[in-house]
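Please work through the exercises below with the sequence and the coordinates open beside you. Each task is followed by a solution that proceeds in steps.

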Amino acid sequence: MDSDHHSQLRAADNAYVWHPFTAMSAYASEEAPIITHAEGFSLFDSQGNRYLDGHSSLWCNIHGHRVPELDAALTSQIERVAHSTLLGIANSSSIELAEELVGLAPPGLTKVFYTDCGAAGVEAALKIAWQYHRQKAHSEDRRLFGCLEQSYHGDTVGAVSVGGIDVFHSLFGGMTFPALKLPTPARAFALGPEFLPLETILAKTEQLLDQQRDQLAAVIVEPLVQAAAGILVHPPGYLQALRKMTAERGILLIADEIAVGFGRTGKMLACEHEAVAPDLLVLSKGLTGGYLPLAATLATEEIFQCFAGEPWQGRTFYHGHTYTGNPLACAVALASIRRMRTKDVLANACEIESCLRQRIQEWQSSEPAWLQHVGQIRHLGTMMAIDLVHHREPMTPYPAEARAGHQVTLACRKRGIIQRNIGDSVILYPAPAMPVNLVEELLNGLEESLAEVTSRLQPLKSMGRVQSSEHSVKNME
């Protein structure tokens, strides 16, 4: 692309595009890459620079870009029909995908309700749970939802209501409904280094559930990992215990696998690790391999039957979207799931997990200088987070204006890596099918970037600023 066209794109981007989760005043001066094409696991910008996709195009890419089987699925489908509504009629791709999803889901989930993004899938799950209790005998009083502290389930109003990250959600408190906050079994270093034993967390959870047992419609949880909270990894046994507690009290369990499904944890779905079958399961992001927006909310037969009845009885689920069950998205999703099996993507995801674990062990044994500015490293499957702190003992976060995590993101870009931070947590989220040698390349560039940024920010100690843990959590950009 010639320099004039690049300049025109840059000017138009700054003039017209409002980027999500982006501090726009800083963005305009940072010369962010303008992606024009891709190949495999690399992205290319309007100036011809190559970048390794280190965050799976925001946690949704599975197989890389321009994958022949997925491209062919789209081409074949678009030659037949690009879109046809599911309101009162059907399309073949959505039927085939629904059958595939029921086959890979935990036992008992037999019905698939389509939406077109993860937050919409969560909204559908919340409304299904609400209406289910309204239409189930003697459960009309269940009007409360439970969620974990530091939870994130999307940005629509219902999803925000069951969210727990202040910087994302607190401003919209007047728009949302109240939710019961349950203690999270994992904590980032910025929230404080103290970890309560699992038994204590479960006892507190059970106490809260008992206090509201007749009011709770459902509890929503990200199985194993709270991704947007900074890859907070739950201890083994927590999910299974939560499932048992909710089932005993007649409370529905909603598993939000938007960010952790489709190989991110080394299994197709995170629930498989503890053999948990939720009442409602929400899938999105990797569902289409990162090609098109699509979400699916799976429900049990028992839930579905509460919506059965004659049309005039008013038990219908009056909820949906124009592009619900879009044939293009369903066709590519089906191709992506099948490719996961034929290419043994789950085995590759496990190799990535081993690679990350080995590199962390090397850092801990060699103790590079930048490691002194790391409060905690968390990882599971293909996901990893590194919490940056100005001082580890006593724990002192970087000042908000330093934007330490974002500085690492910028340093990675200089080294040909696209990666995104969550506040001062540096996140690596390679695609489950990424070859391990490319993961090593990501890690090498990340190491160099961490060394550069922590060295450059060392003079901050003379600023004399000590920032509280609570303030650090609110610095999410």
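The exercises move from the whole chain to one sheet, and the model they use is a predicted one.

**Exercise 1.** Determine how the overall dimensions of the chain relate to those of a globular protein of that length.

*Solution.* Begin with the secondary structure, where the chain has 16 helices and 17 strands. The radius of gyration is 23 Å, close to the 23 Å that the globule rule gives for 477 residues, and the chain is therefore as compact as a globular protein of that length. Then take the extents along the principal axes, over which the C-alpha trace spans about 70 × 55 × 45 Å.

**Exercise 2.** Describe the burial, the contacts and the surface of the chain.

*Solution.* Start with burial, taken as under 20% relative accessible area: of the 477 residues, 55% count as buried. Next consider contacts with a separation of 6 or more, of which 72% are accounted for by residues 24 or more positions apart. Finally, the chain exposes about 20400 Å², and carbon and sulfur atoms supply 54% of that area.

**Exercise 3.** Work out the strand order of the open sheet that contains β1, and follow β1 to its partner.

*Solution.* Four strands, with mixed pairing, make up this open sheet, and their order is β1-β2-β3-β15. Its edge strands, each pairing on one side only, are β1 (35-39) and β15 (417-418). Moving inward from β1, one finds strand β2 (residues 42-45), which runs antiparallel to β1 and is joined to it by four bridges. At the level of residues, His37 stands opposite Phe44 in β2.

Key. Residues numbered from 1 in each chain as written. Predicted model: local features only at pLDDT ≥ 70, side-chain atom pairs only at ≥ 80, totals over all residues. Heavy atoms only, no water. Helix = DSSP H or I, 4+ residues; strand = E, 2+ residues; numbered from the N terminus. Rg over C-alpha atoms; globule rule 2.2 N^0.38 Å. Buried < 20%, exposed > 50% of the residue type's maximum accessible area, 1.4 Å probe, protein only. Contact = heavy atoms within 4.5 Å. Areas by Shrake-Rupley, 256 points an atom, 1.4 Å probe, with all protein chains shown as cover. Pairing = 2+ DSSP bridges.
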